[in-house]
Amino acid sequence: MFNIEWLIIRLSSLFILSGIILDLEIIFFLMSFFFIHISLGVCSILYDYVHVKKVKSFSLFLVKISSIEVTKNIMEFFF
């Protein structure tokens, strides 16, 4: 069974590790992969281990809201 989230998580971690010492624009690009990596990891944990539908949907909603807020704060910090 092939899971696209598994591939995206592995590729984003590869991009994060390879681009730490590169240009500022690439660091912004890698930070976006970093946040995608975190949110997909947390979402996969919630899908696997939370079985109550209301708790799962509320937790997934909170993950999406928090990733938007963290991205907004990071962009405000750099710009």
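Glu-69 is partly exposed in the predicted model, with a relative accessibility of 37%. The side chain of Glu-69 takes part in a salt bridge with that of Lys-72, the N to O distance being 3.5 Å. Lys-72 is likewise partly exposed, at a relative accessible area of 40%. Both values fall between the limits of 20% for buried and 50% for exposed residues, and therefore neither residue is assigned to either of those classes. Side chains of opposite charge can pair when their charged atoms come close. In sequence, Lys-72 and Glu-69 lie 3 residues apart within helix α3, which spans residues 53-78. The two positions are therefore separated by about one helical turn. The search of the whole structure returned 1 salt bridge.

Helix α3 belongs to a protein chain whose secondary structure consists of 3 helices and 0 strands. Read from the N terminus, the order of elements is α-α-α. Of the contacts in the protein chain with a separation of 6 or more, 45% are accounted for by residues 24 or more positions apart.

The protein chain comprises 79 residues, of which 22% are buried. Its exposed surface amounts to about 6,300 Å². Carbon and sulfur atoms contribute 74% of this area.

Technical notes: Residues numbered from 1 in each chain as written. Predicted model: local features only at pLDDT ≥ 70, side-chain atom pairs only at ≥ 80, totals over all residues. Heavy atoms only, no water. Helix = DSSP H or I, 4+ residues; strand = E, 2+ residues; numbered from the N terminus. Buried < 20%, exposed > 50% of the residue type's maximum accessible area, 1.4 Å probe, protein only. Contact = heavy atoms within 4.5 Å. Areas by Shrake-Rupley, 256 points an atom, 1.4 Å probe, with all protein chains shown as cover. Salt bridge = Lys/Arg side-chain N within 4 Å of Asp/Glu carboxyl O.
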